[in-house]
Amino acid sequence: MQPMKLSKSKHPNEKSQELTLHLRAISHEFKNPLTTIEGFASLLDEEYGNLLPQGAKHYLDRIFFNLKRAQNLLEDLSELAGITIEEENFEHVSSRELVEAAVEPFLFIIKKQAITLSIQDDLPFIFCDVKAMIQVFTNLISNAIKYSRPGKPNRIEIGYEGDEIFHKFFVKDQGIGIAEKDRNKVFVLFSRLRRKREVAGSGIGLAIVKRIIEGHGGEIWVDSRLNKGSTFFFTLPKI
């Protein structure tokens, strides 16, 4: 069998283009009101913060906390809307280097939470959009850390299982897992499944991963069991 080839440009279909326009519009329309709210809340804190009773100060802190969440959501929306995968931006690169670049920002929290990290040695060279593929590994690693089980041994494994046509990577964790009925929902925009504990996040990270992988001509799926962990697999064509 011959390796699959990508077309020169991965143009989104009409539905994807419409979604991108909606995401850009939402991000733009909400940015200014949030900035205004943050400005007035900051003025209130600076001028009257010391005079506020403890209960009112707590409410103000909650305003700042949720403002930050909303701003992070808009940043994620902007990132999702801005994803365009074109082969002219592809290059051959060591996937090991991509993984190491993705892992680096998490080294402190991995050490702090005593998570064991394993990266397969013989990861292959791949043909991809480097920045986008680092984002794929970053989001999957972040997800594995986010849903690790507190107070229990946790291990994250990043590995590879290739064949003649596709590269197949996986990111495996020992976290809280996903119920079978919910597995198809994890890649849906804004889908944040109710877990045993509240976890910060926008519900966009895995949707971004899916869009990038499909833009490269690959697929992504998850195998998971509650309280046993999850393994996210994705494929990329060999070119």
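**Notebook: the rings around Phe-137**

I looked up Phe-137 and Phe-169 and found that both are buried (under 20% relative accessible area with a 1.4 Å probe, protein chains only; over 50% is exposed, and partly exposed lies in between). The model is predicted, so I note that local features need pLDDT of at least 70 and side-chain atom pairs 80 or more, while totals for chains, interfaces and linings use all residues. Residues are numbered from 1 along each chain as its sequence is written, and side-chain values use heavy atoms, without hydrogens and water.

How are Phe-137 and Phe-169 placed as an aromatic pair? I found them edge-to-face, 5.8 Å centre to centre, with 85 degrees between the planes. Rings of Phe, Tyr and Trp (its six-membered ring) pair if their centres lie within 6.5 Å; planes under 30 degrees apart count as stacked, over 60 as edge-to-face and the rest as tilted.

I then looked up Phe-137 with Phe-234, which is also an edge-to-face pair, at 5.5 Å centre to centre and 65 degrees between the planes. Phe-137 lies in helix α5 and Phe-234 in strand β7 (residues 229-237), so this pair ties together parts 97 residues apart in sequence. Helices (H or I, at least four residues) and strands (E, at least two) are DSSP runs numbered from the N terminus. Phe-234 is buried, as is Phe-137.

I recorded that ring pairs join Phe-137, Tyr-160, Phe-169 and Phe-234 into a cluster.

Last, I looked up the largest nonpolar core (buried Ala, Val, Leu, Ile, Met, Phe, Trp, Tyr and Cys residues joined through side-chain atoms within 4.5 Å). This core has 44 residues, and Met-133, Phe-137 and Phe-234 have the most contacts inside it. Helix α5 (residues 130-146) gives the largest share, nine residues.
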